[in-house]
Amino acid sequence: MTLKNFLKLHQDGTAQGCVTIQQLPYDYQKHGYSKKYFEEERQEYIEKSELFREIKNKQVDHFNIIGGHTYPTELCIYLEEE
């Protein structure tokens with residue numbers, strides 16, 4: 001599924017205010033993903049950005065949701081390797 005379509009499904013979701021989008025693979029030497037497009041941004045901001053227009057057709061590999069209880073909920077999206 002493309003990033004654009006995935007975010008359409010997520011509109012008005014529980015993690016609406018906090019989304020992180022990263023590119024696989026994970027680099028174990030640098031302790032991070034190959035690219036980090038957005039970190040803890042509002043979905044509305046992401047969808048209006050120029051960068052989103054460049055990556056909206058990339059395929060989502062997987063996602064997870066972190067946080068909850070006393071912490072804000074964050075949707076983390078991982079895009080397939082290029």
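This is a short tour of the structure, one selection at a time. Keep in mind that you are looking at a predicted model.

**Stop 1: the whole chain**

Start with everything shown as a cartoon. You should find three helices and four strands in the protein chain. Followed from the N terminus, the elements go α-β-β-α-α-β-β. The radius of gyration is 12 Å, close to the 12 Å that the globule rule gives for 82 residues, so the chain is as compact as a globular protein of that length. If you rotate the C-alpha trace onto its principal axes, the spans are about 30 × 30 × 20 Å.

Now switch on a surface. About 5500 Å² of the protein chain is exposed, and 48% of that comes from carbon and sulfur atoms. As for the inside, 37% of the 82 residues count as buried.

**Stop 2: helix α1**

Select residues 3-10, which make up helix α1. Which residues of α1 are buried? Show side chains for L3, F6, L7 and H10: these are the ones. Look down the axis and you'll see them on the same side of α1, because they cover an arc of only 95° around it.

What lies over them? Colour β1, α2 (43-48), α3 (50-55), β3 and β4, since the cover on the buried residues of α1 includes these elements. Before leaving, click on D12, which comes after α1 and has a positive phi, near 65°.

**Stop 3: β1 beside β4**

Next, select residues 19-27 for strand β1 and residues 71-79 for strand β4. How do they run, parallel or antiparallel? The pairing is parallel, and five bridges make it up. For a landmark, pick V19 and find L75 of β4 opposite.

While the strands are up, turn on their side chains. In a regular strand, side chains alternate between the two faces of the sheet.

**Stop 4: β3 and the hairpin**

Keep β4 on and add residues 60-68, strand β3. Here the two strands run antiparallel, with seven bridges joining them. G68 is a handy spot to zoom in on, with Y71 of β4 standing opposite.

Then trace the backbone from β3 into β4: the pair forms a hairpin with two residues between the strands. One residue to click in the turn is H69, where phi is positive, at about 60°.

**Last stop: zoom back out**

Return to the full chain and display contacts. Counting contacts with a separation of 6 or more, 52% are between residues 24 or more positions apart.

Terms used. Residues are numbered from 1 along each chain as its sequence is written. This is a predicted model: local features need pLDDT of at least 70, side-chain atom pairs count only at pLDDT 80 or more; totals for chains, interfaces and linings use all residues. Side-chain values use heavy atoms; hydrogens and water are left out. Two strands pair if DSSP finds at least two bridges between them. Buried means under 20% relative accessible area, exposed over 50%, partly exposed in between (1.4 Å probe, protein chains only). The arc is that of the directions from the helix axis to the C-beta atoms. Contact means heavy atoms within 4.5 Å. The radius of gyration is taken over C-alpha atoms; the globule rule is 2.2 Å times the number of residues to the power 0.38. Accessible areas come from the Shrake-Rupley method with a 1.4 Å probe; for residues, only the protein chains shown count as cover.
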